[in-house]
Each structure stands twice: as structure tokens, then as C-alpha cells.
Protein chains: 2
Amino acid sequence: MQRIEALVQRVRAQGGKVTAQRMLIWRALEGDQTHPTAEDLYARLKPVLPGLSLATLYNALNELVEWGEVRRFDAGDGHIHYDPDCSAHAELVCLKCHTIIDAPQEVAPQPAIPDEIAGYRILARSEQYFGICPACRAARA
Amino acid sequence: MQRIEALVQRVRAQGGKVTAQRMLIWRALEGDQTHPTAEDLYARLKPVLPGLSLATLYNALNELVEWGEVRRFDAGDGHIHYDPDCSAHAELVCLKCHTIIDAPQEVAPQPAIPDEIAGYRILARSEQYFGICPACRAARA
DNA sequence: ACCTTCTTTAGAATTATTCCTATTTGATAA
DNA sequence: TTATCAAATAGGAATAATTCTAAAGAAGGT
């Protein structure tokens, strides 16, 4: 995710409004490395801004995804997870216990993102490896 | 996805049962290239086996995912999509209209899947490129 | 064929996400 | 400041996805 000032400018430039809700959500995501779900974020933000609606949160999240500022991915646990870190990295998802960790660049190197593929203008790339984590492998044996 | 005979053996080997419902779902997925959602499949299968429950369909799908036989991914349109084609390919997802196409290997080459990353036993890999499709680019201009 | 055992199923209940719309609020300019 | 207008919000309704549990069904031995 870009710095918040850049998001402010982006919203203004397209005739949008910098609302308290958006700022709150942006700040909550900034630097977050926990791959939170929408519910996680809601539980965190509701006490801060009690009037906050879940719909508003989903709107803001989906808009960030459309801008390519945040990645959203399915970890196979029945929840959609969000990750503001759009730098080059893959996720490692355990198919048994659904824990998620970021794969280091060395073990899952990321190619440069091309500007265009098959006529599509490419904004973001997402990669997941699904498998069985060390703990679950041990538990099974 | 492997051939259906292989799935039959797999289920038997782990003490499971080859039910009519599983066979039906497996056959529906075999060779499907439409990236269907669970609802798509349900609509297709319900007339064939009217007693079929959505829960059964989800069970079967999630079990295939856990076996690494089918990939499931979030196309950002509010629906989870399933793809029985686990051969090496990335998906191209339009952030505006949410159409999904398979990227040819030439434009998005797939590395070999390592057996293990950071202690995880790797079973599957998923890759998506998010962007704006040619039609939406034209519409915007 | 008939039990027995254990898995799977159907349908309802629950939870997650998106959609809808009257109302509120930010931004702009007088 | 204040009025104006477009855009965002809140909250509830609608839709999507998952979980739960009693009942049904397949496999294997008798």
C-alpha cells in the first residue's frame, strides 16, 4: 500500500471524499502484517468509531483492492484475507490449519510484473502456495 | 484434477466411500474450463440429482482442494471459483468486470512446484494477475 | 442377504459478504 | 460562513458460504 498522503491525493483527484472512515481504515491497514479478515478489522475499528458499518469497511477494502493498493486472497478457511503489503512475495497457506505466512523472496522468487498480458493492463499479482505446515505434518505422523 | 479412477482409489484407500454424489461432482468438474462457482455447479447438478444439498457440494469441493486436486481462488467478485485444471497456468482477472481467463504459459511462465518451502509440504500453487481487460480499457477511454 | 460400523448426506441454522437507499457529510465556490 | 451538489455512510435486507446434527447409506464380515 502506498503512503496515506498518496491515497488522499488519489481520492481527491477522482472527485472522491476523504472521510473519517476511510482514513481510519487506511491507517489500520498501514503496515499490518497479520493478513486480517474483514471481521478482524471490524472488531479492531468498531470501538474506535462505534458508528462504523460493516458495509463501509467492505466498500473501503474493495476499493483499495480495485486500486491495486491491497491484495485480497482466499486462504481456504472460509474467510477472505487482506494484505496491504503489495511488495513481491508469495503466501504459504496450510491446507489443514489455515495458517498463513509470507514466503521469503529467496524460496519463492517473484518475477517482475509485466505492464500488459494478453491485452490486460496488469495492476497486481498474487501467488499462493498451498500445502501442509510443519506442525500439521508432525501431528499427522 | 487426476482421472476419476485415481480419485476412487484415493477415497477407498483412506477408508472413505465412493458415493453417487461424489461421482457426480467429480464428473461435472472433469474437464470444466469455466471456472465455476459453487452456485454454478449446484444449478447444474441439482436437476440431475434433486436431493443434492449445497453442503454436500461444498464438502466435496473443499475435500478436492485439500487433496490438491482442484484449485479454489477468489476472483474479487464476491464468489469463490473452482478450477479442476491444476496444470501450470495463471489466471487473468479483470478488476472491473471480473471476467476470468487462463493466461497462456508463454506469457506467464510457471516455475516447477518445489516439494517443500520453509518446512511446508507443497501440494498446489496458485497465481493470479489482476488488471483491466481490453473491453474495460476501451470502455473507460 | 443381513448386521454392524463408520462415513456421508440433507436440511436447517449460522456466519460472511454484498446490495439497497434514505440520510449525512465533505468539498467547492459564492 | 453558508449554500449547493455529489459522493459516502449506516443500517437493514438480501444473498453467499459454512457449520451442525440427526438420519441414511456404503463397505465388509458373517
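In this predicted model, a side-chain N or O atom of Ser53(A) lies 2.9 Å from a base nitrogen of DNA strand D. The side chain of Thr19(A) reaches the backbone of that strand, with an N or O atom 2.9 Å from a phosphate oxygen of DNA strand D. Chain B takes part as well: an N or O atom in the side chain of Arg72(B) is 3.3 Å from a phosphate oxygen of DNA strand D.

**Surroundings of DNA strand D**

DNA strand D has 21 residues around it, and the closest are Lys17(A), Arg22(A), Thr56(A), Lys17(B) and Tyr58(B). Of the strand D atoms that come within 4 Å of the protein, 67% belong to sugar and phosphate. Three helices each supply at least two residues of the surface near DNA strand D: α2 (20-29) and α4 of chain A, and α4 of chain B. Sorted by class, this surface consists of five nonpolar, 10 polar and six charged residues.

**Surroundings of DNA strand C**

Around DNA strand C there are 23 residues, of which Tyr58(A), Lys17(B), Thr19(B), Arg22(B) and Thr56(B) come nearest. For this strand, sugar and phosphate make up 71% of the atoms that come within 4 Å of the protein. Helix α4 (54-66) of chain A, along with α2 (20-29) and α4 (54-66) of chain B, each provide at least two residues of the surface near DNA strand C. The largest share comes from α4(A), with four residues. The classes on this surface are seven nonpolar, 11 polar and five charged residues.

Both protein chains place side-chain atoms by the phosphates of DNA strand C, with Arg12(A) on one chain and Thr19(B) and Thr56(B) on the other. The table lists these distances together with those for DNA strand D.

| Side chain | DNA atom | Distance |
|---|---|---|
| Arg12(A) | phosphate oxygen, DNA strand C | 3.1 Å |
| Thr19(B) | phosphate oxygen, DNA strand C | 2.8 Å |
| Thr56(B) | phosphate oxygen, DNA strand C | 2.6 Å |
| Thr19(A) | phosphate oxygen, DNA strand D | 2.9 Å |
| Ser53(A) | base nitrogen, DNA strand D | 2.9 Å |
| Arg72(B) | phosphate oxygen, DNA strand D | 3.3 Å |

**Chain A and Arg72(A)**

Chain A contains five helices and six strands. Read from the N terminus, its elements follow the order α-α-α-α-β-β-β-β-β-β-α. The C-alpha trace of chain A spans about 55 × 40 × 20 Å along its principal axes. Of its 141 residues, 45% count as buried.

Arg72(A) sits in strand β1 (residues 71-74) of chain A. Its relative accessible area is 12%, under the 20% limit, so Arg72(A) counts as buried. The side chain of Arg72(A) has a polar contact of 3.1 Å with the side chain of Asn62(A). A polar contact of 2.7 Å links the side chains of Arg72(A) and Asp74(B), across two chains.

Ala118(A) belongs to the loop between β5 (116-117) and β6 (120-132) of chain A. With a relative accessible area of 47%, Ala118(A) is partly exposed. Ala118(A) and Arg72(A) are 46 residues apart along the chain, and their C-alpha atoms are separated by 23 Å.

**Cysteines**

Over all chains, the structure holds zero disulfides. In chain B, the sulfur of Cys133(B) has its closest cysteine sulfur in Cys94(B), at 3.7 Å. A disulfide requires the two sulfur atoms to be within 2.5 Å, so the sulfurs of Cys133(B) and Cys94(B) are too far apart for a bond. Cys133(B) is buried, with a relative accessible area of 5%. In chain A, Cys94(A) is also buried, and its relative accessible area is 0%.

**Internal cavity**

One cavity of 30 Å³ or more is found. The largest cavity encloses about 60 Å³ of space. Both chains contribute to its lining: Leu95(A) and Phe130(A) from chain A, and Val65(B), Gly68(B), Val70(B), Arg71(B), Arg72(B) and Ala124(B) from chain B. By class, the lining of the largest cavity has five nonpolar, one polar and two charged residues. Arg72(B) therefore appears in two settings, as a lining residue of the largest cavity and with a side-chain N or O atom 3.3 Å from a phosphate oxygen of DNA strand D.

Methods:
Residues are numbered from 1 along each chain as its sequence is written. Chains are lettered from A and ligands numbered from 1 in the order in which they are written. This is a predicted model: local features need pLDDT of at least 70, side-chain atom pairs count only at pLDDT 80 or more; totals for chains, interfaces and linings use all residues. Side-chain values use heavy atoms; hydrogens and water are left out. A residue is near a molecule or strand if one of its heavy atoms lies within 4 Å of it. A polar contact is a pair of N or O atoms within 3.5 Å; within protein, one must be able to donate a hydrogen and the other to accept it, and residues adjacent in sequence count only if both atoms are side-chain atoms. Ala, Val, Leu, Ile, Met, Phe, Trp, Tyr, Cys and Pro count as nonpolar, Asp, Glu, Lys and Arg as charged, and the others, Gly among them, as polar. Buried means under 20% relative accessible area, exposed over 50%, partly exposed in between (1.4 Å probe, protein chains only). On a 1 Å grid over the protein atoms alone, a cavity is a set of points where a 1.4 Å probe fits but cannot get out, and a pocket is an open set with protein on both sides within 12 Å along at least five of seven lines; lining residues have an atom within 4 Å of a point. Grid points are joined across faces, edges and corners, and a volume is the space filled by probe spheres set on the points.
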